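Reader: I should like to understand the terms used for this structure. Could the reasoning behind each of them be set out?

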Amino acid sequence: MTKRDYSLLGPDGARAVATGLAAAEWYHTEVPRKEMKALMQRSDAPAIRDTLLLYGLMIAFAGIGIYLWPSWYSAPFWLAYGVLYGSASDSRWHECGHGTAFKTPWMNNVVFEIASFMIMRNSATWRWSHARHHTDTYIVGRDPEIAIMRPVVFAKVIAGFFGLPDVAAFLPRMLYNAFVGVHPTEKTFVPESEWPKVVRVARISTAIYGATIALALGMGSILPLMVIGLPRLYGAWHHVMTGLLQHGGLADNVIDHRLNSRTVYMNPVSRFIYWNMNYHVEHHMFPMVPYHALPRLHAAIKHDLPAPNTSIAQAFGEMWPALRRQLASEDYFLKRSLPATAKPYREDFHLAALGAAATAAE
Amino acid sequence: MTQWIDACATDDIDAEDLIRFDHAGATYAIYHAPDGKFYATAGKCTHEEVHLADGLVMDYVIECPKHNGQFDYRTGEAKRAPVCINLKTYPVKVEGARVFIQVS
């Protein structure tokens with residue numbers, strides 16, 4: 001059994017660079033250029049519609065929550081507000097970070113900064129970490145966004161549904177960035193020219209949280225924190241639920257997204273919150289395709305992909321036992337069958353990962 | 001020494017699109033701008049060596065297919081993270097129905 005070292009400064013990362021696994025050329029399904037160009041086309045309209053709906057709902061839910069505070073009747077409105085603040089912000093951060101949500105660059109940037117603040121990610125740092133995630137998806141020691149490290153610590157996963165590990169990691173890092181500077185691990189993927197921005201963003205966030213806490217203390221109430229900050233805890237569950245499914249239980253150290261990413265059919269509400277990132281194989285294979293075109297991309301390439309999971313529950317039913325088996329064997333993973341119309345996995349590319357464990361898992 | 005290389009026909013590239021052109025071990029990207037002019041740059045993104053030919057041309061911007069970094073392909077200027085280093089550009093001329101690029 002291989003013991004994984006997820007540190008970005010550790011031996012696994014160095015080995016990935018030495019063997020050519022890092023920054024490799026990944027498999028992608030062939031799509032005619034004309035069709036791909038049509039899929040990649042940008043538009044402001046869908047994201048403006050969705051953003052107005054999102055912010056409108058947030059204002060309405062928070063407004064009713066404040067009006068009914070401190071009655072327990074306010075609870076459902078806080079729960080709804082929390083999911084939009086603490087989960088929808090994840091997908092908005094993601095899509096606007098790619099620059100694909102809107103056609104107009106400043107719109108992407110404004111929503112990206114707001115979403116980064118709400119999801120508690122330094123916008124300057126995380127833009128770069130996500131670039132690395134796309135370069136080296138689930139390459140151990142290279143990808144800074146591996147959500148489930150093997151062997152999984154289930155208590156941490158459960159705590160993640162309440163945002164606890166993320167917030168516990170964010171707050172000291174925000175203060176470090178604000179008062180000390182860029183952390184050594186961040187320097188491995190953030191270019192030096194961006195370091196001042198990392199510090200500036202951290203200082204702005206620190207000031208906003210400081211003002212919110214001061215207001216709460218002044219009012220003798222946690223109400224201000226119910227609006228800013230705490231929703232990242234009580235509303236995190238949806239983005240954790242969907243995020244775990246992106247890669248959980250699948251292969252690592254491979255260069256074919258069909259092996260390490262998962263597409264899941266989801267209900268319309270979850271797809272609105274998640275901005276269609278349930279089409280995750282498609283997104284990783286073609287990150288230039290905006291969220292609103294992912295269903296069309298899925299239709300165009302599904303002949304070459306493993307069958308999607310049919311629901312969130314069905315996907316968890318597949319993933320959870322695999323995570324449990326990884327407690328006994330870190331090398332175990334789910335290798336989904338491909339349809340007869342698909343190009344087969346390149347076993348020679350993935351020999352290290354697709355060993356005996358893969359055969360047993362199929 | 002510089003030389004003009006016959007790269008492609010003008011109608012090989014749709015308007016607001018690009019193609020890849022390989023020559024003497026180097027790879028280039030040739031663009032057909034919305035105003036009808038042609039431009040040429042290095043073929044790979046300065047961020048992580050990804051071929052730009054699979055990217056998206058929007059007006060005078062080429063977006064890298066891997067990380068969505070953007071360049072102005074007329075000047076090579078890096079316009080959007082994660083690209084920070086400008087893209088090398090090459091002179092282009094059109095003679096008849098052929099596009100030539102000047103390489104060294």
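Author: A residue is called buried when its relative accessible area is under 20%, exposed when that area is over 50%, and partly exposed in between. The model discussed here is a predicted one.

Reader: Why is H284(A) called buried or exposed?

Author: The relative accessible area of H284(A) is 3%. Buried means under 20%, so H284(A) is buried. H284(A) belongs to helix α15 (residues 280–285) of chain A.

Reader: Which residues is H284(A) in contact with, leaving aside its neighbours within four places in sequence?

Author: With those neighbours left aside, H284(A) is in contact with H133(A), H134(A), T137(A), H247(A), H257(A) and S261(A). Contact here means heavy atoms within 4.5 Å.

Reader: Why is M120(A) counted as buried or exposed, and what is its phi?

Author: M120(A) has 8% relative accessibility. The limit for buried is under 20%, and M120(A) therefore counts as buried. Its phi is positive, about 60°, although M120(A) is not a glycine. M120(A) is found in the loop between α5 (105–119) and α6 of chain A.

Reader: What makes E49(B) buried or exposed?

Author: Relative accessibility is 58% for E49(B). Exposed means over 50%, so E49(B) counts as exposed. E49(B), a residue other than glycine, also has a positive phi, near 60°. Its place is the loop between β4 (38–42) and β5 (56–58) of chain B.

Reader: How many disulfides does a search of the whole structure find?

Author: The search finds zero disulfides over all chains. C64(B), for example, is in no disulfide, and the nearest cysteine sulfur, in C45(B), lies 4.0 Å away. A disulfide requires the two sulfur atoms to be within 2.5 Å. C64(B) has 2% relative accessibility and so counts as buried.

Reader: Why is the sulfur of C84(B) not in a bond with the closest cysteine sulfur?

Author: The closest cysteine sulfur, in C45(B), is 9.9 Å from that of C84(B), which is too far for a bond. The cut-off is 2.5 Å. As for accessibility, C84(B) is at 44% and therefore counts as partly exposed, the class between 20% and 50%.

Reader: Why are α12(A) and α17(A) called oblique?

Author: Helix α12 (residues 237–247) and helix α17 (residues 312–328), both of chain A, pack at an angle of about 55°, and their axes are 10 Å apart. That angle makes α12(A) oblique to α17(A). Angles under 35 degrees would count as roughly parallel, and 65 to 115 as roughly perpendicular. On the side of α12(A), the contact is made by M241(A), L244(A) and L245(A), and on that of α17(A) by I312(A), A315(A), F316(A) and M319(A). By class, this contact has seven nonpolar residues, no polar and no charged ones.

Reader: What makes α8(A) and α9(A) oblique to each other?

Author: In chain A, the axes of helix α8 (residues 164–179) and helix α9 (residues 195–219) cross at roughly 120° and come within 8 Å. Roughly perpendicular ends at 115 degrees, and roughly antiparallel needs over 145. α8(A) and α9(A) are therefore oblique to each other. α8(A) passes α9(A) in a left-handed crossing. Residues that meet there include F170(A) and M174(A) in α8(A), and V198(A) and R203(A) in α9(A). The contact divides into nine nonpolar, three polar and one charged residue.

How values were computed
Residues are numbered from 1 along each chain as its sequence is written. Chains are lettered from A and ligands numbered from 1 in the order in which they are written. This is a predicted model: local features need pLDDT of at least 70, side-chain atom pairs count only at pLDDT 80 or more; totals for chains, interfaces and linings use all residues. Side-chain values use heavy atoms; hydrogens and water are left out. Buried means under 20% relative accessible area, exposed over 50%, partly exposed in between (1.4 Å probe, protein chains only). Axes are lines fitted to C-alpha atoms, for helices over the stretch in contact, and angles run from 0 to 180 degrees between N-to-C directions. Helices (H or I, at least four residues) and strands (E, at least two) are DSSP runs, numbered from the N terminus. Ala, Val, Leu, Ile, Met, Phe, Trp, Tyr, Cys and Pro count as nonpolar, Asp, Glu, Lys and Arg as charged, and the others, Gly among them, as polar. A crossing is left-handed if the near helix is turned anticlockwise from the far one by less than a right angle, and right-handed if clockwise.
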